[in-house]
Amino acid sequence: MKPTGVRRARQTGFSLLEAIVALTVFSICATALFAWLSVNVNALSRVDARRSAIDDGRTALAVLEGVNPMAEPRGERALPGSLLVRWTSREIAKRKPAISTTNSPLIFDIALYAMDVQVMHGGRETSHFTLQRAGWESTRTLVDGDL
């Protein structure tokens, strides 16, 4: 004889409670992952901005190689890509006649200048630094026998 009665069907799949727990764990992990990604994206953008500022500073240094602070104590140069280099100079070592390595007088007077440099990119300052450069001016003529 077979027992009669209600037979329970075997349960398959997830219960509602298991689904809620799984979604909660997933959302906590996703939130932590999103926060981690956000911090890294912000750090990457700061690194990229700093790299761009360094590139702008290097470009400014290349521009200033051709500037004589004695002849042009202040000025600015506009470069392609909306880059602007501005400088002001002040004398930090008095002007004096230049002398060659053999102690012969040269045709130049020289002085040492501190150049305050501001680099603007798109109207916003990206770099600001000071450097020392020699200034020169031709004040004498070379006579036969000099040098």
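This report describes the fold of a predicted model, its long-range contacts and surface, its helix, and the surroundings of T126.

## Overall fold

The chain contains one helix and four strands. In sequence order the elements run α-β-β-β-β, with strand 1 at residues 74–79, strand 2 at 83–99, strand 3 at 105–121 and strand 4 at 124–138.

## Contacts and surface

Among contacts with a separation of 6 or more, 53% are between residues 24 or more positions apart. The chain has 147 residues, and 22% of them count as buried. The exposed area is about 11500 Å². Carbon and sulfur atoms supply 61% of that area.

## Helix 1

Helix 1 covers residues 16–64, which is 49 residues. From its first C-alpha to its last, the helix reaches 71 Å, close to the 72 Å expected at 1.5 Å a residue.

The buried residues of helix 1 are A53, D56, G57, A60, V63 and L64. The cover over these residues includes strand 1, strand 2, strand 3 and strand 4.

## T126 and its contacts

T126 lies in strand 4. Its relative accessibility is 17%, and buried means under 20%, so T126 counts as buried.

Leaving aside residues up to four places away in sequence, T126 touches A53, D56, V119 and H121. Of these neighbours, A53 and D56 are among the buried residues of helix 1. The side chains of T126 and D56 are also joined by a polar contact of 3.1 Å.

Terms used:
Residues numbered from 1 in each chain as written. Predicted model: local features only at pLDDT ≥ 70, side-chain atom pairs only at ≥ 80, totals over all residues. Heavy atoms only, no water. Helix = DSSP H or I, 4+ residues; strand = E, 2+ residues; numbered from the N terminus. Buried < 20%, exposed > 50% of the residue type's maximum accessible area, 1.4 Å probe, protein only. Contact = heavy atoms within 4.5 Å. Areas by Shrake-Rupley, 256 points an atom, 1.4 Å probe, with all protein chains shown as cover. Expected span 1.5 Å × (residues − 1). Polar contact = N/O pair within 3.5 Å; in protein donor to acceptor, adjacent residues only side chain to side chain.
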